[in-house]
Amino acid sequence: MKKLGKYSMGLGDRFGHQGSAQLKAIISASQKGIEITPVWNKSNREHITIGTEPGDVRKEADMVTRNAGYNKAYFVDADHINMDTVDRFIESSDFFTIDVASYIGKRAEDQEIAEFVASVERYTGNLNIPGTKLSFSVSKSQVAQIAEKYLFAAIKAFAIYRKIEKAKGKDNFITEVSMDEVPNPQTPVELFFILKMLASENIPLQTIAPKFSGRFNKGVDYVGDPEKFAYEFESDLMVIDFAIKEFGLPENLKMSIHSGSDKFAIYPYIGSIIKKHNKGIHVKTAGTTWLEEVIGLAESGGEALGFVKEIYTKSLEKIEELCAPYADVIDIKISSLPSGHEVSEWSSSKFAASLRHVPGNKEYNSNMRQLIHVAYKLAALKMENYFRLLEANEETVSKCVYENTYNRHICRLFNIN
Ligand SMILES: [Zn+2]
């Protein structure tokens, strides 16, 4: 059976040029005693925007691991697929993030809801999580509400899973269920009953991605109270642990954190809580590799700097169009964006420092960073030129990608000095 390691990391690489630098970061962690399974993920939306195919991600992953002589497990994740989008990912992926967000809130059949509520009656009243101080009072009507909200989504997850299983064979892929792209976070009690729903058909679920409170904006730091996050995260972790034993879910089921790029404020909490309970984690990072490419090109100066300045100027012109698909996961203060004219005068280091996520650096501009984050489409429109510049400045760019993945992410998450 394909199994994800205890620690795993989703590595997004929108343009498919940075796999080697990302793998190098994984290898550096291994040299420090932290084994992380690399997973290359790319969503359908990213494929459509850039004009790539899921098979391209497979080719990249196979190539960079082969070139590095990397003989451990690695995976290619069909990120956020559902019934409508799964087909073209089936052949090349061996990790499937089944996204049930669009099914949450749709109602299952009355009888299915009634049967579920009856099956969990013994958890109503006081729900105590053994070995912890967590105790929730749960009413029957609350369980009914949870079933009304989530049961249909669980049933859909089974249907999508079966479709993949039929094509690939039972043990040949990793299954994740994600429900993070919704307006409201799930409570630990909701998560408990959702896991019960997901346990009913014995699908080999290895990761589950809930939504947490606070803002997980793309490419920038967590917005919210880190202490509150820590409490919620630890509660969810304990709920998953209990659900595994109670419902017979796979032993190696673990938490997956989406939009995991750059959440520096909460990394120390995540790191210490998983260590305290000896738990694994999957952290999905994504589009910030593209940001590192832009930073690397800025640092390279000359034509490359001109290219990324032009991307920025264009992104200001097309800001509404670029931001619309990401409205729920970015917060850009337009008044804090420098004008194209201003930026045209900037040096390499000024441009790079404005984008590079170093909290506390007064040059860093999180608004500009978020805008560039969603502007990758503009580079896709000039792909030939873009790739030529990436290749001409490979050393500088891949150094940025490596340092971002290793120093700013892995070292902080896993407390490596
Ligand atoms: Zn997600």
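**Notebook: Thr396, the zinc site and helix packing**

I located Thr396 in helix 17, which covers residues 394-413. I note at the outset that the model is predicted.

**Entry 1. Thr396**

I looked up the accessibility of Thr396 and found 29% in relative terms; because buried requires under 20% and exposed over 50%, Thr396 counts as partly exposed. I then listed its contacts, leaving out residues up to four places away in sequence: Thr396 touches Gly296, Glu299 and Ser300. I also checked Thr396 against Lys228: the two are 168 residues apart in sequence, and their C-alpha atoms are 39 Å apart in space.

**Entry 2. Zinc ion**

Which protein atoms are the donors of the zinc ion? I found NE2 of His80, OD of Asp180 and ND1 of His258, at 2.0 to 2.2 Å from the ion. I recorded the sequence spacing of these donor residues as H-x99-D-x77-H. His80 belongs to strand 3 (residues 75-81), whereas Asp180 sits in the loop between strand 7 (174-178) and helix 6 (188-199), so this pair ties together parts that are 100 residues apart in sequence. I checked burial for these two donors: both His80 and Asp180 are buried.

**Entry 3. Helix 10**

I compared the length of helix 10 (residues 302-317) with expectation. Its 16 residues, at 1.5 Å each, should span 22 Å, and the end C-alpha atoms are 23 Å apart, which agrees. I listed the buried residues of helix 10 as Ala304, Leu305, Phe307, Val308, Lys309, Ile311, Tyr312 and Ser315.

**Entry 4. Helix 10 against helix 14**

I found that the axes of helix 10 and helix 14 come within 10 Å and cross at roughly 90 degrees. The range for roughly perpendicular is 65 to 115 degrees, and helix 10 and helix 14 are therefore assigned to that class. Helix 10 contributes Ile311, Tyr312, Ser315 and Leu316 to the contact, and helix 14 contributes Met368, Leu371 and Ile372. By class I recorded six nonpolar residues, one polar and no charged. Of the helix 10 residues in this contact, I note that Ile311, Tyr312 and Ser315 are among those listed as buried.

**Entry 5. Helix 13 against helix 14**

I next examined helix 13 (residues 348-355) and helix 14 (residues 366-374), whose axes come within 7 Å and cross at roughly 85 degrees. This pair, too, is therefore roughly perpendicular. I found the contact to be made by Phe351, Ser354 and Leu355 on helix 13 and by Met368, Arg369 and Ile372 on helix 14. By class, this contact has four nonpolar residues, one polar and one charged.

Terms used
Residues are numbered from 1 along each chain as its sequence is written. This is a predicted model: local features need pLDDT of at least 70, side-chain atom pairs count only at pLDDT 80 or more; totals for chains, interfaces and linings use all residues. Side-chain values use heavy atoms; hydrogens and water are left out. Helices (H or I, at least four residues) and strands (E, at least two) are DSSP runs, numbered from the N terminus. Buried means under 20% relative accessible area, exposed over 50%, partly exposed in between (1.4 Å probe, protein chains only). Contact means heavy atoms within 4.5 Å. Donors are N, O and S atoms within 2.8 Å of the metal (3.2 Å for Na, K and Ca); water is not among the atoms, so sites may look incomplete. The expected span of a helix is 1.5 Å times one less than its number of residues. Axes are lines fitted to C-alpha atoms, for helices over the stretch in contact, and angles run from 0 to 180 degrees between N-to-C directions. Angles under 35 degrees count as roughly parallel, over 145 as roughly antiparallel, 65 to 115 as roughly perpendicular and the rest as oblique. Ala, Val, Leu, Ile, Met, Phe, Trp, Tyr, Cys and Pro count as nonpolar, Asp, Glu, Lys and Arg as charged, and the others, Gly among them, as polar.
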